[in-house]
Amino acid sequence: MDGMLLFAHGARDPDWARPFKEVARRIKQNQIDMPLTLAFLEFMQPGLEEAAHGLVAQGCSRIHVVPMFLGTGGHVRKDIPPLMERLKAHYGEQVEWLLHPAIGDQETVVQAMTEASLAWLKPELPAHKHPERS
């Protein structure tokens, strides 16, 4: 059975995780039978390994790890690979781990950010939707 692990950076402010929780909610809404969890690199719980163990306990034998990072920076290149290697060593052939590229490297995400940025220039947007201007 497939499972999905969304992996975000984490922050001290709990409200920071709101968009990531919303992504998880929407995926669950569309993929009802697929176990899914959201994990964090630091500051928030669960961590990657704890979340991964939970998916395996639910019967997942192939887990898609989606780094919820806007780019492939140091965390994606340096921090995630050792975490993945520990999981692979722990589970051996029992679980297939599929580490996907950072979410921000996907064309659809770049296009969505472009459209969201351009939307601020449209005069029909209500004033309360525009960021404060300097």
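**Entry 1: the whole chain**

I began with the surface, and the accessible surface of the protein comes to about 8,600 Å², with 55% of that area belonging to carbon and sulfur atoms. I note at the outset that this is a predicted model, and I read every value below as computed from that model. Of the 134 residues of the protein, 36% count as buried. I then looked at the extent of the chain and found that its C-alpha atoms fill a box of roughly 55 × 35 × 30 Å, taken along the principal axes.

**Entry 2: the order of elements**

I counted four helices and four strands in the protein, and, reading along the sequence, I wrote down the pattern β-α-β-α-β-α-β-α. I also looked up how far along the chain the contacts reach: among contacts between residues at least 6 apart in sequence, 72% join residues at least 24 apart.

**Entry 3: the nonpolar cores**

I turned next to the interior, keeping in mind that in soluble globular proteins nonpolar side chains tend to be buried together. The largest nonpolar core here has 21 residues, and those with the most contacts inside it are L5, F7, L48, I63, V65 and W97. The elements that give two or more residues to this core are β1, α2 (48–57), β3 and α3, and α3 gives the most, with six residues. I picked I63 for a closer look and, leaving aside its neighbours within four places in sequence, I found it in contact with G3, L5, A52, L55, V56, V95, E96, W97 and L98. I also recorded a second, separate core of 14 residues, which includes F20, A24, M34 and L36.

**Entry 4: H9 and its partners**

I looked up H9 and placed it in the loop between β1 (2–8) and α1 (18–30). Which side chains make polar contacts with that of H9? I found one polar contact of 2.8 Å joining the side chains of H9 and E42, and another of 3.1 Å joining the side chains of H9 and H75. Not counting residues up to four places away in sequence, H9 touches W16, F40, L41, E42, F43, F69 and H75.

**Entry 5: the loop between β2 and α2**

F43, one of the residues that H9 touches, lies in the loop between β2 and α2, and I noted its positive phi of about 70°, although F43 is not a glycine. I set down F43 as partly exposed, because its relative accessible area is 43%. P46 also lies in the loop between β2 (36–40) and α2, and there I found that the peptide bond from Q45 to P46 is cis, with omega near 0°.

**Entry 6: a nonpolar patch on the surface**

I came back to the surface for L70, V110 and M113, which form a nonpolar patch with about 260 Å² of accessible area together. L70 sits in the loop between β3 (62–67) and α3 (74–91), whereas V110 belongs to helix α4 (residues 107–119). Is L70 buried or exposed? I count L70 as exposed, because its relative accessibility is 60%, while V110, with a relative accessible area of 34%, is partly exposed. I closed the entry with the spacing of these two residues: V110 and L70 are 40 residues apart along the chain, and their C-alpha atoms are separated by 9.0 Å.

Terms used: Residues numbered from 1 in each chain as written. Predicted model: local features only at pLDDT ≥ 70, side-chain atom pairs only at ≥ 80, totals over all residues. Heavy atoms only, no water. Polar contact = N/O pair within 3.5 Å; in protein donor to acceptor, adjacent residues only side chain to side chain. Contact = heavy atoms within 4.5 Å. Patch = residues over 30% accessible without salt bridge, like charges linked within 9 Å, V, L, I, M, F, W, Y side chains within 5 Å. Areas by Shrake-Rupley, 256 points an atom, 1.4 Å probe, with all protein chains shown as cover. Salt bridge = Lys/Arg side-chain N within 4 Å of Asp/Glu carboxyl O. Buried < 20%, exposed > 50% of the residue type's maximum accessible area, 1.4 Å probe, protein only. Core = buried A, V, L, I, M, F, W, Y, C linked by side-chain atoms within 4.5 Å.
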